[in-house]
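Welcome! Let us take a walk through this structure together, beginning with the ligand and ending with the empty space inside the protein.

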Amino acid sequence: MTVARSFSSAAGAADDRRHVVVIGAGAVGSATAIEALRAGLRVTVVEPGEPGGPHATSYGNAGWLSSHSVVPPALPGAWLKVPGWLADPLGPLALRWRYLPRALPWLLRYLASGWTEAHVQRTADALRTLLADAPVLHARLAAEAGVPQLVERRGLLHAYLSRAEFDGDALGWRVRRRTGVQWEEWPQDELRRREPDLHARYTFGIFVPEAGHCRDPGSYVAALARHALEAGAERIATRATGFRIESGRLRAVLTEAGEIACDGAAICAGARSGPLAAAAGSAVPLESERGYHVVVEDAAAGPRTPTMVADGKLIAHWMDGGLRAAGQVEIAGLEAAPDWRRAEILHTHLRSMFPSLARPAPGPPSTVKHWLGHRPSLPDGLPCIGPAAASADVVLAFGHGHVGLCGSARTGRLAAQLLAGIAPEIPLKPFDPARF
Ligand SMILES: Cc1cc2nc3c(=O)[nH]c(=O)nc-3n(C[C@H](O)[C@H](O)[C@H](O)COP(=O)(O)OP(=O)(O)OC[C@H]3O[C@@H](n4cnc5c(N)ncnc54)[C@H](O)[C@@H]3O)c2cc1C
C-alpha cells in the first residue's frame with residue numbers, strides 16, 4: 001500500500017510533534033487523521049468500533065460524491081408538503097410521535113432555515129465551498145489509500161417523471177446554478193438510451209457530470225483509517241467521554257479507558273458528537289436524520305449511472321455488495337429501534353424503478369440486506385467546523401447531514417489546518433459552531 005511521501009516521520013527517540021486526538025473514525029475522522037499527519041502532527045485515533053463498520057453512518061450511505069448537493073432538504077414551502085409526506089405510507093419522511101416533543105425545536109429551526117430563497121442560497125453558497133471539488137479530493141485520497149477503484153467520477157443522474165416535475169424543483173436548480181453547478185438535460189429518448197432498465201414513467205433526466213460516486217463507502221473508510229495507521233497514527237479502541245481543559249488549554253481527552261494527554265482534539269463522532277461538543281463548551285442542536293438502505297445482491301437490473309428518483313426521493317446504484325437503494329428520513333432519535341418497514345419502502349420503490357427486478361428470475365432468490373444509519377444533522381443544513389467555546393484546541397468537525405461522505409475530504413483538511421494552527425483554506429464563518 002502506498003503511503004504518501006509528504007507525511008512527516010516520527011523517526012528518532014523524541015517525538016516533539018503536537019499530539020492530537022481524532023475522536024471517531026468515520027469518513028470525517030479518517031480523513032482528518034490523514035490530513036493531520038500530513039500537517040506534521042502526531043495523531044491518535046479514538047474509535048470504539050471497526051473503522052468503516054456498519055455502526056457508522058459512513059458505512060451504509062448512498063455513496064454519492066455529489067458536489068452539487070448544496071441545497072438543504074427544507075426549501076421554501078416545505079412545511080406545506082410535510083403532512084402529505086407523513087401521511088403517505090410509501091413517503092420519504094417519518095416521525096415517531098413520542099419523539100416529537102424532543103425534536104420539535106430542531107424541526108422548526110430546520111424548516112425556518114429554508115424559509116426563503118435567500119436563506120437557501122446562503123446555505124448553498126457555503127456548502128459549495130466545502131463540496132465543490134469533493135470528487136477530485138476523494139479520488140486522490142482513495143488512490144493514496146490504495147483503493148482507487150472505489151471512487152468513480154462518471155457523473156450522477158436525477159430522474160424525473162416529467163419536465164413539469166423538474167420545473168417544480170426549479171428553485172433548487174436555480175440556486176445550484178448560481179453556485180456554479182452545471183448539468184445536462186436528458187429528454188425522454190436520451191434517458192431511455194442511457195438507462196434502459198429504468199421504468200418508462202421517468203421521462204426527463206438531469207445529469208451532473210462533475211459529480212462522483214463511491215462504490216463501497218464502508219471499505220473506503222476502512223481503507224482511509226488503515227492508511228492513517230500505516231502512516232503513523234495510533235488507534236485506541238475506546239469511547240471518548242470528555243475533555244480536561246485548564247485555563248482554555250486542552251490537557252487531555254477523557255475516555256472509557258482513561259485519559260489521553262494531548263495538545264489538540266477533533267470531535268468527528270458523527271451523530272454522537274453532541275455530548276462531546278457540549279463537554280467542550282459548545283452546545284449545538286445536533287439531531288439524527290435516520291436513514292435506511294436496502295442492498296439486493298445479484299440484482300438482475302439496475303442503473304448505468306447512480307440515480308436519484310424525484311418521486312421516491314431515494315438513490316440507487318451498484319455497490320460492490322449489490323444494488324443499493326438508500327434514502328428515507330426518520331426523526332426518532334439515536335436510540336429507538338429500527339423500523340425496517342422504512343427499508344422495505346426503499347425495496348418497493350427499487351422494484352418499481354427497475355421493473356425487471358420485480359419479475360421472478362431463474363435461480364435462488366436474491367439476498368436482501370437492510371441497514372439503518374444516523375445522518376448527523378444541524379437544523380441549518382451546514383456542519384460545524386471550527387473551535388469549541390471552551391478551548392480552541394478542540395475542533396468540532398461534524399454535522400454534515402446528507403453530504404458527510406462527500407464533504408469529509410475537505411472537512412478533514414480544514415480540521416487538520418485548525419489543529420495545526422494553519423489558516424483554513426476556505427472561510428469557516430458559515431460553519432462556526434458559535435452560530436447557534
Ligand atoms: C441512508 C443514508 C444515505 C446517505 N447518502 C449519502 C451520500 O450519498 N453522500 C454523502 O455524502 N452522504 C450521505 N449520507 C450522509 C453520510 O453518510 C454522513 O453524513 C456521514 O457518513 C457522516 O460521517 P461521520 O464521519 O461524521 O460520522 P460516522 O460515519 O457516523 O462516524 C462517526 C464515528 O465516530 C465514532 N464514535 C461515536 N461516538 C464516539 C465516541 N464517544 N468516541 C469515539 N468515537 C466515537 C463512531 O463509532 C463512528 O465510527 C447518507 C446517510 C444516510 C443515513
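A good place to begin is the set of residues that surrounds the ligand: this shell is made up of 18 nonpolar, 14 polar and four charged residues. Please keep in mind as you look that the model is predicted.

Where does the shell come from? At least three of its residues are drawn from domain 1 (17–67 + 120–151 + 212–286 + 378–436), and at least three from domain 2 (87–103 + 288–376).

Now zoom in on the ligand itself. There are 36 residues around the ligand, and those that come nearest are Glu47, Ser58, Trp64, Gly401 and Cys406. Three of these names come back when we turn to oxygen atoms of the ligand. For Glu47, a polar side-chain atom sits 2.5 Å from a ligand oxygen. With Gly401 the polar atom belongs to the backbone, and its distance to an oxygen atom of the ligand is 2.8 Å. Cys406 also brings in a polar backbone atom, 2.7 Å from an oxygen atom of the ligand.

How much of the ligand does the protein cover? On its own, the ligand has 1000 Å² of accessible area, and 95% of that is covered by the protein. Several elements give two or more residues to the shell: helix 1 (27–38), helix 2 (57–60), helix 13 (404–420), strand 15 (287–296) and strand 19 (368–377).

Next, let us look for enclosed space. Rolling a probe the size of a water molecule over the atoms shows where empty space is left. Counting cavities of 30 Å³ or more gives one, and the largest cavity holds about 50 Å³ of space. Its lining consists of Ala25, Ser30, Ala33, Val45, Pro51, Ala225, Ala228, Leu229 and Arg235. Helix 1, which we met around the ligand, gives two or more residues to this lining, as does helix 10 (217–230). The largest share, three residues, comes from helix 10. Sorted by class, the cavity lining has seven nonpolar residues, one polar and one charged.

How values were computed: Residues numbered from 1 in each chain as written. Predicted model: local features only at pLDDT ≥ 70, side-chain atom pairs only at ≥ 80, totals over all residues. Heavy atoms only, no water. Near = heavy atom within 4 Å. Polar contact = N/O pair within 3.5 Å; in protein donor to acceptor, adjacent residues only side chain to side chain. Areas by Shrake-Rupley, 256 points an atom, 1.4 Å probe, with all protein chains shown as cover. Helix = DSSP H or I, 4+ residues; strand = E, 2+ residues; numbered from the N terminus. Nonpolar A, V, L, I, M, F, W, Y, C, P; charged D, E, K, R; others polar. Domains from an automatic or database assignment. 1 Å grid on protein atoms, 1.4 Å probe; cavity = no way out; pocket = protein on both sides within 12 Å on 5 of 7 lines; lining within 4 Å. Points joined across faces, edges and corners; volume = space filled by probe spheres on them.
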